[in-house]
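Let's take a walk through this fold together, from the overall outline down to a few individual residues. Keep the viewer open as you read.

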Amino acid sequence: MPTYKKGSSPMMHRPVVKEELVEFMRERQIQLVGHLKELEEFSAEHYIPIIPHETVVYFQFMISLMHPQSILEIGTAVGFSALMMAESAPNAKITTIDRNPEMIEHAKRHFELYDSRHQIQLLEGDATDVLKNLEGKYDIIFMDSAKSKYVEYLPIAMELLTDNGVIIMDDIFQSGEILWDIMDIKRGQRALQRGLRKLFDEVLDNPSYQSSILPLGDGMLLIKKP
């Protein structure tokens, strides 16, 4: 198992931005407290990737501007990001999807402890199937799951998105491997890379989407209706 700096999650070692700038963003921006800090430490201790601190701060800022009423998350993990969004948007309803039994048990326990306003609904199952049965519209759709599936989720997500809503896809840089020749990537990772590259071909420079790439964490792709 890789060796990580004490107090940090595995994903915190993935950014491609200069290390000293990453440390600046993480140390100088407001720090987490309470149950979010506890979950951050829990995830680091158990080597469970969660969104890094600079991404948390971005979400908190964006949510304060958007005032979302409904949020959809694909990829619950331990429930950290869902609880963070619930705290930032106390009037929002949050739906989160996961299929990993171990993560689902962690998330259920954390929601029971910390979702005091009962904002969060956890749906169990493969997102490909769950998404097809969702009704209503969402102001924010956050994808932090199987990267190879992002391009498959996209058309359904666009149908579920409000007119002024935004889709956020996490970890799109893959430590910079998106720039590599596909044959230089480990065989087991090539399907993921092909899925991401298909996503870029579909979205970037396509007038059907308005998009932006942010170098936060391991890269984020933002998509909205034009």
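Before anything else, keep in mind that this is a predicted model. Let's start with a residue you can find quickly: Thr128, which sits in helix α6, spanning residues 127–132. Thr128 is partly exposed, because its relative accessible area is 21%, and the cut-off for buried is under 20%. Its C-alpha atom is 8.5 Å from that of Lys149, although 21 residues separate the two along the chain.

Now zoom out. The protein chain has eight helices and seven strands. Its radius of gyration is 17 Å, close to the 17 Å that the globule rule gives for 226 residues, so the chain is as compact as a globular protein of that length. If you draw a box around the C-alpha atoms along the principal axes, you get roughly 45 × 45 × 35 Å. Buried residues account for 51% of the 226 residues. The contacts tell you something about the chain's path, too: among those with a separation of 6 or more, 68% join residues 24 or more positions apart.

What holds the centre of the picture here? Look at the largest nonpolar core, which has 36 residues; Phe59, Phe80, Met85 and Ile168 are the ones that touch the most other members. Quite a few elements feed into this core, with at least two residues coming from each of α2 (34–45), α3 (53–66), α4 (80–88), α5 (101–114), β3 (120–124), β4 (138–143), β5 (161–170) and β7 (220–224). Helix α4 gives the largest share, six residues.

Ile168 is a good place to stop and look around. Setting aside residues up to four places away in sequence, Ile168 touches Phe59 and Met62, then the run Ile140, Ile141, Phe142 and Met143, and finally Met220, Leu221 and Leu222. That isn't the whole nonpolar story, though: a second, separate core of 31 residues includes Ala127, Val151, Val203 and Tyr209.

Let's follow one of those contacts of Ile168 to Leu222, which is found in strand β7. Leu222 is buried, since its relative accessible area is 13%. Beyond its neighbours within four places in sequence, Leu222 is in contact with Tyr58, with Val166, Ile167 and Ile168, and with Gln210, Ser211, Ser212 and Leu214. Take Gln210 from that list: it is 12 residues from Leu222 in sequence, and the C-alpha atoms of the two are 8.2 Å apart.

Gln210 also makes a handy reference point for a longer span. Gly188 is in the loop between β5 and α8, and the C-alpha atoms of Gly188 and Gln210 are 32 Å apart, with their positions 22 residues apart along the chain. Gly188 counts as exposed, because its relative accessibility is 69% and the threshold is over 50%.

Next, a pair of helices. How do α7 and α8 pack? Helix α7 (residues 150–160) meets helix α8 (residues 190–203) at an angle of about 40 degrees, and their axes are 8 Å apart. That angle is why α7 is described as oblique to α8. On the α7 side, the contact uses Tyr150, Val151 and Leu154, while α8 brings Gly195, Leu196, Lys198, Leu199, Glu202 and Val203. Sorted by class, that contact of α7 with α8 has six nonpolar residues, one polar and two charged.

From Leu196 you can look across to Glu112: their C-alpha atoms are 35 Å apart, and the two are 84 residues apart along the chain. Glu112 lies in helix α5 and, at 73% relative accessibility, counts as exposed.

Finally, let's turn to the backbone. Most residues other than glycine have a negative phi. Against that background, His67 is worth a click, with a positive phi near 50 degrees. His67 is found in the loop between α3 and β1 (70–74), and it counts as exposed, with 58% relative accessibility. Ser175 also has a positive phi, near 60 degrees. You'll find Ser175 in the loop between β5 and α8; it is partly exposed, with a relative accessible area of 36%.

How values were computed
Residues numbered from 1 in each chain as written. Predicted model: local features only at pLDDT ≥ 70, side-chain atom pairs only at ≥ 80, totals over all residues. Heavy atoms only, no water. Axes fitted to C-alpha atoms, helices over the stretch in contact; angles between N-to-C directions. Helix = DSSP H or I, 4+ residues; strand = E, 2+ residues; numbered from the N terminus. Parallel < 35°, antiparallel > 145°, perpendicular 65-115°, else oblique. Contact = heavy atoms within 4.5 Å. Nonpolar A, V, L, I, M, F, W, Y, C, P; charged D, E, K, R; others polar. Buried < 20%, exposed > 50% of the residue type's maximum accessible area, 1.4 Å probe, protein only. Core = buried A, V, L, I, M, F, W, Y, C linked by side-chain atoms within 4.5 Å. Rg over C-alpha atoms; globule rule 2.2 N^0.38 Å.
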